[in-house]
Each structure stands twice: as C-alpha cells, then as structure tokens.
Amino acid sequence: MEKVAAGVHQLSIQRFVNVYFVETGHAGAWVLVDTGLPGSEKAIIEAADKIFYPGTHPEAILLTHGHMDHSGSAQALAEHWKVPVLAHPLEMPFLTARAVYPPADPTVAGGGSLAFVARFFPPQSFQLSDYVQRLPEDDAEVPFLPDWQILHVPGHAPGQIALFREKDRTLLGADAFATANHESLPELLLQRPKISVAGAPFNYNWQQVHESIQKLAALRPAAIGCGHGPVIKGPAAAAGLQKLADEFRIPAQGRYVQDPARLDENGVAYLPPAPHDPIRQKFTIAAVGLGALAGVALLVKRYQKHKQNKYPQKTSPLPKRPRTEEVVRYPEQY
C-alpha cells in the first residue's frame, strides 16, 4: 500500500497491477478506481477494511478502461458491495459482451517480454450489463469525486480515461503511460520507477497514444499513479512525463503502427490484417505435434487393451497350497 496524495491510496496486487482507493471528501466515503485481475477481490476488500473500517464499501467502482487487468474483479466486487460500475461510453461494448478488444500485437517493435506473453492472452470481453453505467464525457466532473476531472486518453483502449485533481495536481494515468518499464517484466516486478510507454502490444492506435501522453504532460502533475508501476512524486513526475512526450517514438514495426484499428460505440469497426508471426507459428506446430503424439499414444494404449480383452493370455492354474492343521495361538491373557 502506498499513499499517492491526500485521500488517495495505491494498492499494488502481485507487484504487477495497481488499484486506487480515492476518498470523496465526505467522512468514510470513497471510490475504487480499477479492480485488478480476476481473483483480486479478496486482497482489495481486505485493503479497504484496513484503510477505512471493517465492512466498508465504496460509493462506486470506476474503471479507467475494460482490459482484464483493470476490470477482472469488477463483477465480484460489485456483487459483494452492491455498488455500480462506471466506465466511459466507448468501453461499453467490451464490458457488456457485445464486442472483443482488438487482439494484442506480439510483433510490435520494442514490445519486450510483454509482447511475447501477449501471444497467449485470451480475447478480452466482459459481461457486466447488470452493473456497468456510463460515465460523463471528456473533461467532466467525476461522479462522487467533485474535485476530480475526467480526461479521455484513447490509444490503448478506446474509452480509457485518466483522473486529475487540479488543487494538488494529482494524476491517475491508467495505461496512458506507465511508471515502470512496461517492456521489461523484471523491471516491472522490481517496481523501479521510470515513466515509459505502457502496454505496447495492446496499443491499437499509436498516434492517439502520443496525443494522450502530450495531453497529460501538459498538466504538469506533482504526483502520479498509473495502472502499472510505483507512485512518482515531486519534480520527477512532471519532468519524466514531459520527457516521454518530447522523445516519444512510434515503433518501427507492428500491426497497428501504419494502419491503426478503428473503434467506435459499437466496438471494433476495422482491424488491419494480422502480421506474420513466426514464433506463434512454431508454438502452434509444436502444440499440434504434441497433440498428435498424445493421440497416437492413446490409440496404441486402446489397441493393446482391446487385443488383451479379445485374446486373453492362457495362464496355468495356481498350484494348490497344502492344507495345514496348525492353529494360531494367542497369549492366554487374550
């Protein structure tokens, strides 16, 4: 647990993904921002009980976007606390099972270890129709958080939002960027502070990613908490984010680099063709090969069993054991 600013606490779950407890300004009232991966609900509930009081619940759950590492526990927590889930209108198709997010791009240049494992991520879509409600549009006041402002920062997800509190320049940046090197799993797990591009394999529009970073850098934040990485405070926050905005480079190659996906209120309107991925092809061939070997082994086993049942082996009768009249005797006390 780490304090970002007054009334804002960051909980890092499994040293990989962050959720935030944001106080509303009224005693004991708060909002949960993001819900982590599926199965994170126990850790979140326990943390809330420690920060506030046992049995506490938020006014609402606010999702910065609907990717699995941000909305994975939303349903479990909404059911437990009986509170609504709030998200940007452009996230609704993916949070109500009407659409699936664009597939990850494991071929993006500089994607690092995250790009490798992204090949095996399942399609991302959730069914939260009974809980999710629409947030106001860009630059609006946040429900339950009157001191905060909604900022629409697409590129990583169509309805991704950041939250900004002007009075102390506190920024919750979601995955518009990261506060650790998101391209290196060891660096991310070690939580070494570094403002960098977030989730490269999941960025479907790199021009929007750059524009979103520029938009947030112009705020000159004094304290930053993102979806991934440690809290960064003081001059390093604004300076690091401005450096990323100034030195931002679109990757040299990748599925969405020259031809971004197009998304709208109905979900995915256009996807560029999938690039050739030799690593995925090798894994597919290996998986098919292992499956074939397993199938052959099963067939051989079934054949041997069938043969044994059809042509049972002749066995000689067991030799008769000689009868004995010896009686087992126990000590007298028994």
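# Strands and their partners

Reader: Which residue in β3 is the bridge partner of His9?

Author: Phe21 in β3 is the bridge partner of His9. This is a predicted model, in which local features need pLDDT of at least 70, side-chain atom pairs count only at pLDDT 80 or more, and totals for chains, interfaces and linings use all residues. Residues are numbered from 1 along each chain as its sequence is written, and side-chain values use heavy atoms, with hydrogens and water left out.

Reader: What makes β3 a strand?

Author: A strand is a DSSP run of E with at least two residues, numbered from the N terminus. β3 covers residues 17-23 and has seven residues, so β3 meets that definition.

Reader: How do you know that β2 and β3 pair?

Author: Two strands pair if DSSP finds at least two bridges between them. β2 and β3 have six bridges, in the antiparallel sense, so they count as a pair. Three residues lie between the two strands in their hairpin, where Gln14 has a positive phi near 55 degrees.

Reader: What makes β3 and β4 a pair?

Author: Four bridges join β3 to β4 (residues 30-33), again antiparallel, so the cut-off for pairing is met. Val22 stands opposite Val31 of β4.

Reader: Why is β3 called mostly covered?

Author: Buried means under 20% relative accessible area, with exposed over 50% and partly exposed in between (1.4 Å probe, protein chains only). In β3, six of the seven residues are buried.

Reader: Why do β1 and β7 stand at the edges?

Author: Seven strands form an open sheet, in the order β1-β2-β3-β4-β5-β6-β7. β1 (2-5) and β7 (132-134) each have a single partner strand, so one side of each is left without a neighbour in the sheet.
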